[in-house]
Amino acid sequence: MKNFEKIILIIIIIAAIVGIGFLGYGYYQKLTRTVQNPVATIEVENFGTIKVELYPDIAQNTVANFITLANRGYYDGKTFHRTVPDFMIQGGSKDGDGKGAPTISDIKDEGSTTETYAIKGEFIANDYSKNTLKMKKGVIAMARADYSNVSSSLTKNGYNSADSQFFIMNADNDNINGLYAGFGEVIEGLDVVDAIANVEVVTRESNADGQDKPVDEPKITSIRVETYGVDYGEPETIEPFNYYNWLMKQYSTTQSSNN
């Protein structure tokens, strides 16, 4: 009987050692495994495919926002509404003309269909030092508003106004380094980006109606992001700045002071 008990004890010890070994190996794999960055595939009708590697390590919330919109089909059917040779191509506008914004329902199943949102700008000028990605050819970044020419007090409002619009650089531009949230780089299809940048536009005249607007806007058939099994979650959102309300408030204040 004693020998039997010894055998059982030995079996238990061996099982424990093997179990610890498996746990240790699993933990080691988790520590040493390289997580593949997500890759976005942008299909553009009559132009081809653009593949973009996204960088959640430098712009986590921006990437989460883009992935959520893309994989929920938000970008399907949208266009590149602004194209500038040797600069960038811009798309993702809700209304296809640089206007309109996504609603909470575009990123959440039970979200509001009327409430729009924005995300904070993850770039150096907005006190976000983690993002050091330069605006070089092939970089994808979020578009945003710029109210600083109206009032310097609105600079931060512009910094935190991105929602769905993005642009892809087709040339280096150091002048905007640190001023926009770059969040990835093209790994395939730079020739497609160049082709889109050089389409015929209504006009190149500054401040003219139709400036940099393609005559036939390149259509985004779809954007989908392969996350390789990683869940990047829903983006953190903020209430968007209402420029019209701000303007009316300034007007009312001016009128009151003049009476």
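## Exercises on pockets and a surface patch

In this predicted model, the lining of the second largest pocket divides by class into 4 nonpolar, 3 polar and 4 charged residues.

**Exercise 1.** Describe the second largest pocket by its volume and by the residues that line it.

*Solution.* Begin with the space itself, which comes to a volume of about 170 Å³. Next, locate the lining in the sequence, where Q60, N61, A64, K120, E122 and Y232 take part together with E234, P235, E236, T237 and I238. Finally, sort these residues by class, which gives 4 nonpolar, 3 polar and 4 charged.

**Exercise 2.** Work out how much space lies in the largest pocket, which residues are closest to its centre, and which strands contribute to its lining.

*Solution.* The largest pocket holds about 960 Å³ of space. Of the 33 residues that line this pocket, Q90, G98, R144, A145 and Q165 are the closest to its centre. Turning to the strands, β3 (80-84) and β4 (88-91) each provide at least two residues of the lining. As a last step, the classes of the lining residues are counted, and they come to 14 nonpolar, 11 polar and 8 charged.

**Exercise 3.** Find the nonpolar surface patch that includes Y244, and decide whether Y244 is buried or exposed.

*Solution.* The patch is formed by Y244, L247, M248 and Y251, which together have about 420 Å² of accessible area. Within the fold, Y244 belongs to helix α5, spanning residues 243-258. Because its relative accessibility is 55% and the cut-off for exposed is over 50%, Y244 counts as exposed.

Key. Residues numbered from 1 in each chain as written. Predicted model: local features only at pLDDT ≥ 70, side-chain atom pairs only at ≥ 80, totals over all residues. Heavy atoms only, no water. Patch = residues over 30% accessible without salt bridge, like charges linked within 9 Å, V, L, I, M, F, W, Y side chains within 5 Å. Areas by Shrake-Rupley, 256 points an atom, 1.4 Å probe, with all protein chains shown as cover. Salt bridge = Lys/Arg side-chain N within 4 Å of Asp/Glu carboxyl O. Helix = DSSP H or I, 4+ residues; strand = E, 2+ residues; numbered from the N terminus. Buried < 20%, exposed > 50% of the residue type's maximum accessible area, 1.4 Å probe, protein only. 1 Å grid on protein atoms, 1.4 Å probe; cavity = no way out; pocket = protein on both sides within 12 Å on 5 of 7 lines; lining within 4 Å. Points joined across faces, edges and corners; volume = space filled by probe spheres on them. Nonpolar A, V, L, I, M, F, W, Y, C, P; charged D, E, K, R; others polar.
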